[in-house]
Amino acid sequence: MGRNSQLPAQPSDLRGAIWSRAARFGAMMATLCVALLAFDIASPLPVPAADRLPSVVVTAADGTPLRAFADAQGVWRYPVRLEEVSPYYVETLLTYEDRWFYYHPGVNPAALLRAAWQWLRYGKIISGGSTLTMQMARILDPHDRSPWGKVKQVARALQMEWHYSKKEILELYLNYAPFGGPVEGVQAASFAYLGKNAKKLSRAEAALLTVLPQAPSLYRPDRHPELARTARDKVLDRMMRTGKWPAATVHDAKLESVQRRYWAQPRLAPLFAERMRARYPHTRRIMTTIDANMQWRFEHRLRDLAHSLPEHTSLALMVVDNRDLAIKTYVGSADLLDADRFGFVDMVTAVRSPGSTLKPFLYALALDDGLIHSESLLSDAPQSFAGYEPGNFSDSFSGPVGVREALQRSLNVPAVEVLDHLGANRFFAVLRNGGLKLTLPAGAKPTHAVILGGAGATLENLVAAYSALARNGQSGTLKFTPSDTQHQLHMMSAGAAWIVRDILASAPRPGMLMSPHSFARGRQVAWKTGTSYGFRDAWAIGVTDRYTIGVWVGRPDGTPLPGHYGAVTAAPILFDIVDSLAIGAQPRGADQHPHTVKQQQICCLWG
């Protein structure tokens, strides 16, 4: 009887078997690559679809949202980059959702097999087996939960890994993950449920936002705080079991309560935000120079003050940092939602009569020309200038007055007298070159009336021009965003700026007697008011070492506001703003003036 003998495999047979297996594996991989390539060509990645673009968000300088504009689907998304999110959130997200994120090619075979076995054994889904890439694929290209839907999800995940880096995929998740209601993305969710920037999340808050996308309706803290807390603690326990966080740290994190809140969409500086959105139409996140705390404080202050004013009256405020002309506060109206006060009209950019607010620039030009000094005598008496016969606000005249008194009291006749010597056309041109672009009716030319409000100006341009008093005579273009290029514009000499500011700063506040105490206090802010013809506009502009502040009060429709003028309506608001800025600056001493300015004794009779 014969036997089956077994002989050792020859080296040539082993090499053949290895090459055979390698060939089969290579063919399989090639087939897979061809299939993926065909899928990629036939079904391009929907990232991002036209109607899924993130909403536009306008932020303050510190990243606080001022106003967000929803996308075409009414969804709120605040664009955010990976480095702008708390590392606690990134750590909990990757630990809880996808520990092998940086190592797998979009799918985790072990997790998928485990999920499939559980589904076959228990007849229901126990664990999803989805990676972050697969979750992102489903967010961008929704599909059903059938086997074929899962196959499509896997294909999309592999496709995403082909086209995007791990960081890009993670950032897509940070911006598109659902967090309940119209909120998508971790930054929008952080502000909506926690009232803070996602960069500042605590460990407990990071855990909460990690688990929220799993069941956004069920775990919303504003609706189901206890369920949200249980889900959050589940994430914290995972962090402890995996050794990411110590037990003591997790214990402390669990002590944090889950606040039952939902923050309405931000509406700070709403008219300013609309303006920025129009100015930068292709930018999804527009960071501005606005100081969020200052904006909130002054915006609410003006809203409260509006209720003490007659109906249909609005207010506007602008605060600019003199160091770089960055806009820190921008209040375009009393209240955006108050239609009776025309809250939708931006009075910062509205062209209105500036009243007497141009007089400081007139005297500065006369100082630079050597036409006057700070105590030159002018005539405050009835005069006719080519048929133009100006009067004063008080309907009285004071006779001979010095330049200082004429400017502080805002007397009209002396100002027109100085303008008559300088020339209205030249004064108009100097202001335009300095950035204060006055407007006139079509075909009209500058006349003597320009200095009394016979031209149009905006609060924005007036504030920029007045900043020259604190910037050695240099005005410039205002900065709306940190990246804006700033252009310096020459308004007056440093000497003229110092003298004019000194005159305006030494004027007592309305209702205050001229005393050493009030004099010292008043020197901290150089201020000027203005009132347009018919009580239609009340202005107050103030200049400190740090800030230039502009206030406008009136009716946007141009109807008169009898009894309300700059000194009694706008000036108190200005001083309220100035005092709250806590400028704390000491009165400027004589030793601070430019070398081109000197003091001399002059004749009190002849000037």
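Modeller: A helix axis here is a line fitted to C-alpha atoms over the stretch in contact, and the angle between two axes runs from 0 to 180 degrees between N-to-C directions. With that in hand, we can look at this predicted model.

Colleague: What angle do the axes of helix H8 and helix H10 make where they cross?

Modeller: Roughly 105°, and the axes come within 8 Å. Helix H8 covers residues 203-211, while helix H10 covers residues 225-241.

Colleague: Why is H8 called roughly perpendicular to H10?

Modeller: Angles from 65 to 115 degrees count as roughly perpendicular. The crossing is at roughly 105°, so H8 is roughly perpendicular to H10.

Colleague: Which residues make the contact between H8 and H10?

Modeller: From H8 come Arg 203, Ala 204, Ala 207, Leu 208, Thr 210 and Val 211. H10 brings Ala 228, Ala 231, Arg 232, Val 235 and Leu 236. Sorted by kind, the residues of this contact are 8 nonpolar, 1 polar and 2 charged.

Colleague: Let's turn to the sheet. What makes E2 and E3 its edge strands?

Modeller: Strand E2 (65-69) and strand E3 (285-287) each pair on one side only. The open sheet has 3 strands in the order E2-E1-E3, with mixed pairing. From one strand to the next, the twist averages 10°.

Colleague: How do you know that E1 and E2 pair?

Modeller: Pairing takes at least two bridges between the strands. Strand E1 (residues 56-59) is joined to E2 by 4 bridges, so the two count as paired. They run antiparallel, and Thr 59 has Pro 65 as its bridge partner in E2.

Colleague: Which helix lies across E1, E2 and E3?

Modeller: Helix H12, residues 270-279, which runs at about 55° to E2.

Colleague: Now the loops. What is notable about the phi of Ala 386?

Modeller: Most residues other than glycine have a negative phi. Ala 386, though, has a positive phi, near 55°. You will find Ala 386 in the loop between strand E6 (377-380) and strand E7 (399-402).

Colleague: Is Ala 386 buried or exposed, and how do you know?

Modeller: Over 50% relative accessible area counts as exposed. Ala 386 has 82% relative accessibility, so Ala 386 is exposed.

Colleague: And where is Phe 535 found?

Modeller: Phe 535 is in the loop between strand E10 (526-531) and strand E11 (537-543). Its phi is positive, near 55°.

Colleague: Why is Phe 535 called partly exposed?

Modeller: Buried means under 20% and exposed over 50%, with partly exposed in between. The relative accessible area of Phe 535 is 30%, so Phe 535 counts as partly exposed.

Terms used
Residues numbered from 1 in each chain as written. Predicted model: local features only at pLDDT ≥ 70, side-chain atom pairs only at ≥ 80, totals over all residues. Heavy atoms only, no water. Parallel < 35°, antiparallel > 145°, perpendicular 65-115°, else oblique. Contact = heavy atoms within 4.5 Å. Nonpolar A, V, L, I, M, F, W, Y, C, P; charged D, E, K, R; others polar. Buried < 20%, exposed > 50% of the residue type's maximum accessible area, 1.4 Å probe, protein only.
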